[in-house]
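Colleague: I should be grateful for a close look at the cysteines of this chain. Which of them are bonded, and what surrounds each one?

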Amino acid sequence: MLKYKQLNASQKKTICNGCGGKGGVINPPEFLFHASCNHHDFRYWRGCTESDRKDADISFYKWMRVDIAESKWYLKPYYHVWAYAYYKAVRLLGKKYFYYHSTCRTIKDLKG
């Protein structure tokens, strides 16, 4: 299975756009979540089943909490509110951005 770390910079740029749906009208602030959002974008691009989407969203929330753990103590409550809001937003509104298919995309899908 294709992993985010296997992508080169150009491939990452093609797939990822940080926080917010690629091509969407909502562009939320990224704070310290840019890398977490890019990993989530990749997982949505790779796609597969609803179970994969749910796992991508749960992982996204976990990655954001790791980002928060490395932030200043007095900003942590503020960032936790945003992280939870982002998680709920992708659960509620992210379905149209996820690649649903019987097989996940591979590196070949980027070259074609």
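Modeller: The account below takes the disulfides in turn, then the free cysteine, and ends with the aromatic side chains. The model is a predicted one.

A search of the whole structure finds two disulfides. A disulfide is a covalent bond between the sulfur atoms of two cysteines. When the bonded cysteines are numbered in sequence order, the pairing reads 1-2, 3-4.

One disulfide joins Cys19 to Cys37, with an S to S distance of 2.0 Å. This link is right-handed, with 75 degrees about the S-S bond. It connects distant parts of the chain, 18 residues apart: Cys19 belongs to the loop between α1 (9-15) and α2 (34-46), whereas Cys37 is in helix α2. Cys19 has a relative accessibility of 2% and therefore counts as buried. Cys37 also counts as buried, because its relative accessibility is 3%.

The other disulfide is formed by Cys48 and Cys104, whose sulfur atoms are 2.4 Å apart. That distance lies within the 2.5 Å that defines a disulfide. The torsion about the S-S bond of Cys48 and Cys104 is about -120 degrees, so this disulfide is left-handed. Cys48 lies in the loop between α2 and α3 (50-69), and Cys104 in the loop between α4 (76-93) and α5 (108-111), so the bond ties together parts that are 56 residues apart in sequence. Cys48 counts as buried because its relative accessibility is 7%.

Cys16 has no such bond, because the closest cysteine sulfur, that of Cys37, is 10.0 Å from its own sulfur, too far for a bond. With a relative accessible area of 10%, Cys16 is buried, since buried means under 20%.

The aromatic side chains complete the picture. The count comes to 17 aromatic pairs. In one of them, the ring centres of Trp73 and Tyr74 are 5.6 Å apart and the planes stand at 85 degrees, so the pair is edge-to-face. Trp73 counts as exposed because its relative accessibility is 70%, while Tyr74 is partly exposed, with a relative accessible area of 48%. Phe31, Phe33, Tyr78, Tyr79, Trp82 and Tyr86 form one aromatic cluster.

Charged side chains also meet aromatic rings. The charged end of Arg65 sits over the ring of Tyr61, 4.6 Å from the ring centre. Arg105 lies over the face of Tyr99, at 3.8 Å from the centre of that ring.

Note on methods. Residues numbered from 1 in each chain as written. Predicted model: local features only at pLDDT ≥ 70, side-chain atom pairs only at ≥ 80, totals over all residues. Heavy atoms only, no water. Helix = DSSP H or I, 4+ residues; strand = E, 2+ residues; numbered from the N terminus. Buried < 20%, exposed > 50% of the residue type's maximum accessible area, 1.4 Å probe, protein only. Phe/Tyr/Trp six-rings, centres within 6.5 Å; stacked < 30°, edge-to-face > 60°. Lys NZ or Arg CZ within 6 Å of the ring centre and 35° of its normal.
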